[in-house]
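Open your viewer and set the model to a cartoon view with side chains ready to switch on. We will go from stop to stop, selecting a few residues at a time.

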Amino acid sequence: MELTTRTIAARKHIALVAHDHRKQALLEWVESHKAILAEHQLYATGTTGNLIQRASGLPVQSMLSGPMGGDQQVGALISEGKIDMLLFFWDPLNAVPHDPDVKALLRLATVWNIPVATNRSTADFLIDSPLFKSAVEIAIPDYQRYLQERLQ
């Protein structure tokens with residue numbers, strides 16, 4: 001597929017997701033970066049979003065709970081270019097019933113070339129990167145061109 005570009009603005013749209021055994025780690029990470037995150041638009045799956053909002057006081061646009069479709073809602077926002085970064089503290093040691101949704105979410109983040117952190121170390125690297133503070137151009141699939149070629 002041909003590529004085009006899109007600009008991730010300096011004010012990021014950040015999706016926050018965490019499996020049950022990783023929610024506390026994400027809450028602690030958010031608390032330690034609260035001042036920085038307050039400058040950005042936050043989204044989250046349902047339970048995670050509600051916990052973050054209560055613990056930090058930061059506004060969070062919450063989707064449904066992950067197993068109830070929240071992972072897919074976040075994935076849809078990624079494919080629409082409305083999410084710039086995914087911080088997904090996933091639990092690789094415990095199986096979850098919605099594992100296909102989790103894999104689809106991570107696949108969409110990769111397809112649409114957005115930064116993804118699956119643990120605290122990577123989240124720290126992303127938020128401390130000079131790129132986090134500025135607008136950044138990324139390569140994405142040229143879906144409109146793909147459609148035009150398929151319809152001819």
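What follows is a short walk through two pockets, a ring contact and two single residues of this predicted model.

**Stop 1: the largest pocket**

Begin by selecting Ala18, His19, Asp20, Pro67 and His98, which lie nearest the centre of the largest pocket. In total, 20 residues line this pocket, and its volume is about 230 Å³.

Now colour the secondary structure elements. Which elements each supply at least two residues of this lining? They are β2 (13-18) and α3 (46-56). Helix α3 gives the largest share, with 3 residues.

Colouring the lining by residue class is a good next step: you should find 6 nonpolar, 10 polar and 4 charged residues.

**Stop 2: the second largest pocket**

Next, select Ile8, Lys12, Asp84, Met85, Pro115, Leu126, Ser129, Leu131, Phe132, Val136 and Ile138, the residues that line the second largest pocket. The volume here is about 160 Å³.

Keep the class colours on. How does this lining divide into nonpolar, polar and charged residues? The split is 8 nonpolar, 1 polar and 2 charged.

**Stop 3: a charge over a ring**

Stay with this pocket and keep just Lys12 and Phe132, both part of its lining. Turn the view until you look across the ring of Phe132: the charged end of Lys12 sits over that ring, 5.8 Å from its centre. While you have rings in mind, the count of aromatic pairs in the model comes to 1.

**Stop 4: Ser56**

Move on to Ser56, in helix α3. That is the helix that gave the largest share of the lining at our opening stop.

Is Ser56 buried or exposed? Its relative accessible area is 6%, so Ser56 counts as buried, the limit being under 20%. Show the backbone of Ile52 as well, and draw a distance from the Ser56 side chain to the backbone oxygen of Ile52: the side chain reaches this oxygen at 2.6 Å.

**Stop 5: Asn113**

For the last selection, go to the loop between α5 (99-111) and β6 (116-117), where Asn113 has its place. Check its backbone torsions: what is notable about phi at Asn113? The angle is positive, about 60°, although Asn113 is not a glycine.

Switch on the surface before you leave. With a relative accessibility of 35%, Asn113 counts as partly exposed, whereas Ser56 at the previous stop is buried.

Conventions
Residues numbered from 1 in each chain as written. Predicted model: local features only at pLDDT ≥ 70, side-chain atom pairs only at ≥ 80, totals over all residues. Heavy atoms only, no water. 1 Å grid on protein atoms, 1.4 Å probe; cavity = no way out; pocket = protein on both sides within 12 Å on 5 of 7 lines; lining within 4 Å. Points joined across faces, edges and corners; volume = space filled by probe spheres on them. Helix = DSSP H or I, 4+ residues; strand = E, 2+ residues; numbered from the N terminus. Nonpolar A, V, L, I, M, F, W, Y, C, P; charged D, E, K, R; others polar. Phe/Tyr/Trp six-rings, centres within 6.5 Å; stacked < 30°, edge-to-face > 60°. Lys NZ or Arg CZ within 6 Å of the ring centre and 35° of its normal. Buried < 20%, exposed > 50% of the residue type's maximum accessible area, 1.4 Å probe, protein only. Polar contact = N/O pair within 3.5 Å; in protein donor to acceptor, adjacent residues only side chain to side chain.
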